[in-house]
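Welcome to a short walk through a structure, one selection at a time. Please open it in your viewer and keep the sequence panel at hand.

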Amino acid sequence: METEYRKSYKGLVLWLVGYTALSLAPTLLPEGTDPGIEIRLVLALTAAAVAGLMAIIWKTESVYWINGTSFEQARDAGSDRRREFAAAHLRVFGRFALGYVVFSAIMQWRGVTWGVDLAVFCVGLIGAAIGTLKVKL
C-alpha cells in the first residue's frame, strides 16, 4: 500500500540554502586566483547542483517542483510514474552536468577563455531544460 503523498517544499528550500552556501566556495580561493577558475567552478557547481536537485526530486518523488507539473497531477500519477518522470529529468541534467564538468576541465587545461564555458553552459542548460519538455508525467 502506498503511503500518503504530501506536498512539501522543505527539501527545495534546504537545497536552495545549500546551493547558495556552495556557490560561495570560490570566495575561499586565494586572492589572485585566475578569475576563469572561479567562474568555471561556479558553473560546474551549478550544473552539479541542478543534477543534485533532480536526484532529490527523484528520491522524494516531489515532481511538482518541476515547472508545469501540479501537485494534483503528481499525486494522481502514482509512485511509479512520478519516479520515472523524475528519473528522465535526472538522466538529462546528470548528463549535462557530467559533460559540462569534463568540457570545462579541458577548456581550463587548454587555456581557453572562460567566455566559451559561459556560452556552452548557458546553451547546454537551456538545451537540457528544453529536452525535458517532451517528458510527460
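Before the first stop, one term: an accessible area here is computed by the Shrake-Rupley method with a 1.4 Å probe. By that reckoning the chain exposes about 8500 Å², and carbon and sulfur atoms supply 67% of this area. Please keep in mind throughout that you are looking at a predicted model.

**The whole chain**

Start with everything selected and a cartoon view. You should find five helices and zero strands, so that the order of elements from the N terminus reads α-α-α-α-α. Turn the C-alpha trace along its principal axes, and it spans about 55 × 30 × 20 Å.

How much of the chain counts as buried? Of its 137 residues, 34% do. Now think about contacts between residues at least 6 apart in sequence: 70% of them join residues at least 24 apart.

Next, colour the charged side chains. There are 14 positive and 11 negative ones, and the centres of these two sets lie 6 Å apart.

**Helices H4 and H5**

Select residues 79–110 for helix H4 and residues 114–131 for helix H5. How do these two helices run relative to each other, parallel or antiparallel? Their axes come within 10 Å and cross at roughly 170°. That angle makes H4 roughly antiparallel to H5, because angles over 145 degrees count as roughly antiparallel.

Now show side chains where the pair meets. On the H4 side, pick Val92, Phe93, Phe96, Tyr100, Phe103, Ser104 and Met107. Across from them in H5 you will find Val116, Asp117, Val120, Phe121, Gly124, Leu125, Ala128 and Ala129.

Stay in helix H4 and zoom in on Ser104. With a relative accessible area of 5%, Ser104 is buried. Leaving out residues up to four places away in sequence, Ser104 touches Arg40 and Asp117.

**Along helix H2**

Move on to helix H2, residues 35–60, and select Val50, which sits in this helix. Is Val50 buried or exposed? Its relative accessibility is 18%, so it counts as buried, the cut-off being under 20%. Show what surrounds Val50: beyond its neighbours within four places in sequence, it is in contact with Trp15, Phe93 and Leu125. You have already met Phe93 in H4 and Leu125 in H5, where the two helices meet. Try a distance label too, since Val50 and Phe96 are 46 residues apart along the chain while their C-alpha atoms are separated by 9.6 Å.

Val42 is another stop in helix H2. At 30% relative accessibility, Val42 counts as partly exposed. Its contacts, apart from neighbours within four places in sequence, are Ser23 and Pro26. Draw a C-alpha to C-alpha line from Val42 to Leu22: the two are 20 residues apart in sequence and 8.7 Å apart in space.

**Helix H1 and the loop after it**

Helix H1 covers residues 10–23, and Leu16 lies within this helix. Leu16 is partly exposed, at 41% relative accessibility. Its C-alpha is 9.2 Å from that of Leu53, a residue 37 places away in sequence.

Follow the chain out of H1 into the loop that leads to H2, and select Ala25 there. Ala25 has a relative accessible area of 27%, which makes it partly exposed. Add Glu38 to the selection: Ala25 and Glu38 are 13 residues apart in sequence, with 8.9 Å between their C-alpha atoms.

**Last stop: Glu61**

Finally, go to the loop between helix H2 and helix H3 (71–77) and select Glu61. Glu61 counts as buried, at 13% relative accessibility. What is unusual to look for in its backbone? Phi of Glu61 is near 60°, a positive value in a residue other than glycine.

Which residues is Glu61 in contact with, leaving aside its neighbours within four places in sequence? They are Tyr5, Ile56, Ser79, Arg82 and Arg83. Show these side chains together with Glu61 to finish the tour.

Note on methods
Residues numbered from 1 in each chain as written. Predicted model: local features only at pLDDT ≥ 70, side-chain atom pairs only at ≥ 80, totals over all residues. Heavy atoms only, no water. Helix = DSSP H or I, 4+ residues; strand = E, 2+ residues; numbered from the N terminus. Buried < 20%, exposed > 50% of the residue type's maximum accessible area, 1.4 Å probe, protein only. Contact = heavy atoms within 4.5 Å. Lys, Arg positive; Asp, Glu negative; His and termini not counted. Charge placed at Lys NZ, Arg CZ, Asp CG, Glu CD. Axes fitted to C-alpha atoms, helices over the stretch in contact; angles between N-to-C directions. Parallel < 35°, antiparallel > 145°, perpendicular 65-115°, else oblique.
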